[in-house]
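Please work through the following exercises with the sequence and the model side by side. Each task is followed by a solution that goes step by step.

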Amino acid sequence: MNWAVLTPLLVFLVIIFLIGFWSNRKMAKADGFLGDYFLGSREFGGLVLAMTMVATYGSASSFLGGPGAAYSIGFGWVLLAMTQVATGYFTLLVLGKKFAIVARKYKAVTLIDFLKARYKSTPVVLLSAISIIIFLFSAMAAQWVGGAYLIQSLTGLSYIGALFIFTLSVLVYVTIGGFRAVVMTDTIQGIVMFFGTMILLVAVIVAGGGVSTIIADLVTINPNLITPFGQDGQLTSAYISSYWILVGVGVVALPQVAVRAMSYKNAKAMHKAIIIGTIVVGFIMLGMHLIGVFARPVLPGIEVADQVIPLVALEVLPAWVAGIILAAPLAAIMSTVDSLLLLVSSAVVKDVYINYVKPDASRNHVMKVSMAVTAVIGAIAFVLAISPPDLLIFLNLFAFGGLEAAFIWPLVLGLYWKFANKYGAVASMITGIGSYIGIHFYNQAYGDLLGVHTVTVPVFLSLIAFVLFSLMFKQEAYEFPSTTIKKEA
Amino acid sequence: MAKNKQDSRFKIAHREALIGCGLAIVNIVWWYGFAFGLGSKPPEEYSYIFGFPAWIFWSCIVGFLVMVVLVAIVVKFVLKEVPFEEENGKKDEVNSA
C-alpha cells in the first residue's frame, strides 16, 4: 500500500463523515423531516448551489471515462465535452425562477412532487417513479463499480474489499445526513475537483515540455488527434453536435439536477450560482479533457481508459499531491452516488409509499422508513456491484438519455405551456422511453440513425407526442394556484 | 391585486428562461463556427495560438471565456431579483424595483 497517496484520501473520507454527523444534529432542529432530509429546507446559498450541481453532474465519466476517451480520440473529445458548459447556466435560467416559485406553491420537494401537483394524475406519478427507480438505480450502481475500481487501484485491496469500504462510507453519511449532508459534502468535493483539475493540468503541461511540444508530439503520434474528428476521423459534426442535447441542454430534465433547481434560498443565491456554476463546470470539463489529450505523449501506451487520470497523476506529481488530486474523482463518484441514492429512496418513500401505501404516516415513522429504505437500496447496489449483471450495464448505458427523453417535456412544458395536460405528459413519457429503447437497439445493429446520438430523435418525438395529445384531449388553460390571495385580502 | 403580482413574477421568469435559450444559442454558434470553420482543413494547414491549434483555442478556450463574460453580464445587469416566498413578497419587491 502506498501510504503517501492513501493518507490524504483517508483524511478526505474522515471530513466527509464529520459533515454527515454535523448535518444530522442540525436536522434534529428542523421542522419538517421530509423537506429537510430530501431538500435541506431550501436554504442553500450561491456557492453551495453551484457546487452541488457541478458535483452531482460531474460523475465518474467526467474524471475517468471522459479524459480516458480524450486520451485515445484527441481534441475531438475535448470539443464534445465542452457542450457541457451550458449546464452551468442553462438549467438554472430555464427552470429558473418559475420552477422555484411554483415548487414553493406546491410545497414540492422532488421532481415527482411537481409533476404530481401539476398534472394531478396517478399514471404520471407512477411512470415517473418507475423511471427514476429503474434508470437512476442503474446509473448509481454503475458508479458503485467505478468507485470500487478506483479504491482498488489506489490501495491494492481486493475488489470486494474496496467495494465494501466504498459502500460503507457512502451509506453512513447519506443515511444519517440526508440532503443537507449530501450538498455540504458536494461543496467540498466540487472545490477539490476544481483545484485538483488546475494542479494536474499545470503538472501535465510541465511534464510534457509545454503546450507546443506536446502538440508536436501528438502530430507525430497521429495528426488526426489534433483535428475535431477523432483519431480515425470517426466523429462527424452532426454526432458531436448532438451531445448538446445529451449533456448540454437536456440535463435540465435529469431529476437529480432538477431537484437542485428548487433548493436555493433566494434569487440572489441563484444568480451567484449561475456565474460560479458556469466557471467551475467549464473549467473542470476543459481542464480534465485537455489533461487526457496531453497525457498521451507524457505517458503513452495506457490501455484501460479509466486508468489514464490515476496513472498520470501518480506519474507527474509527488505522491502526497497525487493523493489529494485523486480525491477528486473519488469525490465525483461519491457525490453522484449519494444524490442518486437519495433520489431513488425519495421516489420509493415519498412518491410511492406515502402517496399510495400509508398516507397518514407520522413524522417518526417516515423518518425510520426513509433511513431504512436508503440503507436497503445501498445494500442492494452493493450486492449487484459484486458481479454486475449485464442488465445493469445495459440500463446504465441509457440511464441519462432515457430520463431526459422521459422528463424533459412534462417538466418544461408543464412549467411554461398552459395547455400542457396529463394526456400529453403520459404520451410524452411513453413515447420518449419507448423510442429511446427502440432507437438504442437500431443504432447498435445498424449504426447511428441520422448520424446522431440516440437521445436526439426521442427528444423530438416525445415533444410531438406531448403537444399532439395535449391538444387532442384539450382542457382548460392551466393556472398555477395563487396561495397569496388569503393573506393579501 | 394578488393575481397581478404573481403574473409579474412569472413574466420576469419567462423572460429569463428565454434569455437562457438565447445564451445557449450563442454558445452553440460560437462553438460550432470556430471548431468546424477553422478545424475542417487538413492538420498540416492549421495555425497555432499559444501552442494550441487555432480551432480549439477559439472554440473551446475563448468560447468558454466568452460565455463566462456573457453570463456574468446577463446576471449582473439583466436578471431581476424576485421573492420566492409568498409572505415577505411585498417587502422584497419594493427593494428590487
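**Exercise 1.** In which helix of chain A is A:T167 found? Describe its surroundings as well.

*Solution.* A:T167 is found in helix 10 of chain A, residues 159–207, where helices (H or I, at least four residues) and strands (E, at least two) are DSSP runs numbered from the N terminus. Before going further, note that this is a predicted model, in which local features need pLDDT of at least 70 and side-chain atom pairs count only at pLDDT 80 or more, while totals for chains, interfaces and linings use all residues. Residues are numbered from 1 along each chain as its sequence is written, chains are lettered from A and ligands numbered from 1 in the order in which they are written, and side-chain values use heavy atoms, with hydrogens and water left out.

The next step is burial: A:T167 counts as buried because its relative accessibility is 6%, buried being under 20% relative accessible area, exposed over 50% and partly exposed in between (1.4 Å probe, protein chains only). Its side chain makes a polar contact with the side chain of A:W144 at 3.1 Å, and a polar atom of that threonine side chain also lies 2.7 Å from the backbone oxygen of A:L163. A polar contact is a pair of N or O atoms within 3.5 Å; within protein, one must be able to donate a hydrogen and the other to accept it, and residues adjacent in sequence count only if both atoms are side-chain atoms. Finally, when residues up to four places away in sequence are not counted, A:T167 touches A:W144, A:G378 and A:F382, contact meaning heavy atoms within 4.5 Å.

**Exercise 2.** Where do A:M82 and A:T83 lie, and which residues do they touch?

*Solution.* Begin with location: A:M82 is found in the loop between helix 5 (75–81) and helix 6 of chain A, and A:T83 lies in the loop between helix 5 and helix 6 as well. A:M82 is buried, with a relative accessible area of 3%, and A:T83 counts as buried at 0%.

Then list the partners, leaving aside residues up to four places away in sequence. A:M82 touches A:G282, A:M285, A:L286, B:W31, B:C60 and B:F64, whereas A:T83 is in contact with A:I240, A:Y243, A:W244, A:V247, A:G248 and B:W31. As a last step, consider a distance along the chain: A:M82 and A:V247 are 165 residues apart, yet their C-alpha atoms are separated by 9.4 Å.

**Exercise 3.** How many residues of helix 6 of chain A are buried?

*Solution.* Ten of the ten residues of this helix are buried, so helix 6 of chain A is largely enclosed by the rest of the structure. Among them are A:T87, A:G88 and A:F90. After the helix comes A:G96, whose phi is positive, near 45 degrees.

**Exercise 4.** What lines the largest cavity and the second largest pocket?

*Solution.* On a 1 Å grid over the protein atoms alone, a cavity is a set of points where a 1.4 Å probe fits but cannot get out, and a pocket is an open set with protein on both sides within 12 Å along at least five of seven lines; lining residues have an atom within 4 Å of a point. Grid points are joined across faces, edges and corners, and a volume is the space filled by probe spheres set on the points.

Take the cavities: there are three of 30 Å³ or more, and the largest holds about 120 Å³ of space. Of its 13 lining residues, A:A50, A:M53, A:V54, A:T87 and A:G88 are the closest to its centre. Helix 3 (46–57), helix 6 (85–94) and helix 14 (267–298) of chain A each supply at least two residues of this lining.

Now turn to the second largest pocket, whose volume is about 600 Å³. Its lining has 26 residues, with A:F90, A:V249, A:I408, A:W409 and B:C21 nearest its centre. Two or more residues each come from helix 6, helix 12 (237–248), helix 19 (399–416) and helix 21 (456–472) of chain A, together with helix 1 (2–39) of chain B. The largest share, seven residues, comes from helix 1 of chain B.
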